[in-house]
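Work through the following exercises with the structure in view, and try each task before reading its solution.

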2 protein chains.
Amino acid sequence: MNPGMDMSPTPDSPAAAPSPPFRLSPLAQAFVLHFGEMGSRWGINRTVGQIYAMLFLADAPRHAEDIADALTLSRGSVSMGLKELASWNLVQLRHVPGDRRDYYETPRDVWSIFRTLVEERKKREIDPTLTTLRTLLMEPATDASDRFAQERIAAMHEQIELLTDWYAEMRRLDSERLLQLLRLGERVVKALEFKDRMLGRGKAVTTEADHGRT
Amino acid sequence: MNPGMDMSPTPDSPAAAPSPPFRLSPLAQAFVLHFGEMGSRWGINRTVGQIYAMLFLADAPRHAEDIADALTLSRGSVSMGLKELASWNLVQLRHVPGDRRDYYETPRDVWSIFRTLVEERKKREIDPTLTTLRTLLMEPATDASDRFAQERIAAMHEQIELLTDWYAEMRRLDSERLLQLLRLGERVVKALEFKDRMLGRGKAVTTEADHGRT
DNA sequence: CATTAGTTTCAATAATTATTGAAATTTTAG
DNA sequence: CTAAAATTTCAATAATTATTGAAACTAATG
């Protein structure tokens, strides 16, 4: 019922090891290591990446000590890593009857993970910039160079907002419809091209972003 | 014709300061500082973020010393920062007749910047993972737990590939069509919902990702 | 072809960020 | 309420990453 349970180390029974050190298979090991390395590029630290990767592959929830064991991390690191993952909703707490330790697992739907990641990055990487840009646009422009700067800032703001609005729209789709839309990709483009031809608009049409000197 | 040119410092004329230290307006300063701070979240360093921000707002190409001046960075940092931006195609080299220094400016089209950024992140953050996942999927699964792990890896691989394929499709659109598509966002979703209703598929339809225990 | 203005490199150092592990805290069970 | 087990915190330290600036290099000029 509770295979991972480690009973208190009884010194008289040599067979009952204090903690059967949790080992990862070479496959899992490679996966975990990759996520650790990529972590830094994804803006999460190695520890967090590794913990996530291990839980993602696990066929059952794991408790903190298993994780620390398998990844040879300190208990403290694991605790902080799990806390961070939890704050991102990338791990969920589970409990095993008769065991008071916290067990963790990752959401099973890969799409939900992806959504969470995008959402989080938006919050951290885009929203603050949108706020700043808006503030700067309210500022009175004193000279010509500032007026030029504000034009550039306005253009940037507009593009980002367009994207985030679109993202907000897409976020409302459930996983299946999102899939449909992605699979449709090519045909959406074709439809747009067709519409353009029907309206007699040629390739010569350019965006307003082309203004300015050559 | 060439306002930014600083002539060689003639020691006999005291009015000709060796380098009129380039100063940013408070507006530009705030913008530059923000990009510096965000830099770390975007996976670029502060220096690079600041240099880019300054050039983005500039109404004319700037040379390295102007940049070092305005941002109080060392010449070495600016050189390295410009090199990195150039490798990302986020700055372009310009030359002023009669001046042998290199001048830099950013692409004017905000969309092109966005594309470059996405492209770069894909290369650095997604492609290596796709490669790793494929490698791990080729590995023979020895036990049940590895077989389970490979299923999870396969699911992840499939989702990522779907996204990158879609991205490749979208990338082929020119700026105008991309704008159209974004503005269409809501209506694309509506069309999908309509199609579903016509086909008699209700809300009860779930994705295959819902398998597994509650 | 020597001089000079400009650029790049890179080893040293500074700044930042991650990780540990002992101590404090919380939680559960008796 | 107390003891035992588990978790979390946080100051110290390790590891990593960014930045500087002097020296090497490059290219244009007279």
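**Exercise 1.** Locate B:Asp146 in its chain, decide whether B:Asp146 is buried or exposed, and find out which residues it touches.

*Solution.* In this predicted model, begin with the secondary structure, where B:Asp146 belongs to helix α6 of chain B, a helix that covers residues 144-171. Next, consider its surroundings: B:Asp146 is buried, and yet it has no salt bridge. To follow this, recall that a salt bridge requires a side-chain nitrogen of Lys or Arg within 4 Å of a carboxyl oxygen of Asp or Glu, whereas the nearest side chain of opposite charge, that of B:Arg147, is 8.4 Å away. Finally, leaving aside residues up to four places away in sequence, B:Asp146 touches A:Ser25 and A:Leu27 from chain A, together with B:Ala141 from chain B.

**Exercise 2.** Describe the protein surface near DNA strand D, starting from the residues that surround the strand and ending with their classes.

*Solution.* First, count the residues: 16 of them surround DNA strand D, and the closest are A:Arg75, A:Lys83, A:Arg100, B:Thr47 and B:Ser77. Of the atoms of this strand that come within 4 Å of the protein, 64% are those of sugar and phosphate. Then turn to single contacts, in which a side-chain N or O atom of B:Thr47 lies 2.3 Å from a phosphate oxygen of DNA strand D, while for the side chain of B:Ser77 the corresponding distance is 2.6 Å and for that of A:Lys83 it is 3.0 Å. Two or more residues each are supplied by α4 of chain A and by α2 and α4 of chain B, and α4(A) gives the most, with 5 residues. Sorted by class, the surface has 2 nonpolar, 7 polar and 7 charged residues.

**Exercise 3.** Carry out the analysis for DNA strand C, and state which of its contacts involves a base nitrogen.

*Solution.* Begin again with the neighbours, for DNA strand C has 16 residues around it, of which A:Thr47, A:Ser77, B:Arg75, B:Arg100 and B:Asp102 come nearest. Sugar and phosphate make up 66% of the strand's atoms within 4 Å of the protein. Next, separate the contacts by the part of the DNA they reach: a side-chain N or O atom of A:Thr47 is 2.4 Å from a phosphate oxygen, and a polar backbone atom of A:Ser74 is 3.2 Å from a phosphate oxygen, whereas a polar side-chain atom of B:Arg100 lies 2.8 Å from a base nitrogen. As a last step, look at the elements, where α4(B) gives the most to this surface, with 5 residues.

How values were computed: Residues are numbered from 1 along each chain as its sequence is written. Chains are lettered from A and ligands numbered from 1 in the order in which they are written. This is a predicted model: local features need pLDDT of at least 70, side-chain atom pairs count only at pLDDT 80 or more; totals for chains, interfaces and linings use all residues. Side-chain values use heavy atoms; hydrogens and water are left out. Helices (H or I, at least four residues) and strands (E, at least two) are DSSP runs, numbered from the N terminus. Buried means under 20% relative accessible area, exposed over 50%, partly exposed in between (1.4 Å probe, protein chains only). Lys and Arg count as positive and Asp and Glu as negative; His and the chain ends are not counted. Contact means heavy atoms within 4.5 Å. A residue is near a molecule or strand if one of its heavy atoms lies within 4 Å of it. A polar contact is a pair of N or O atoms within 3.5 Å; within protein, one must be able to donate a hydrogen and the other to accept it, and residues adjacent in sequence count only if both atoms are side-chain atoms. Ala, Val, Leu, Ile, Met, Phe, Trp, Tyr, Cys and Pro count as nonpolar, Asp, Glu, Lys and Arg as charged, and the others, Gly among them, as polar.
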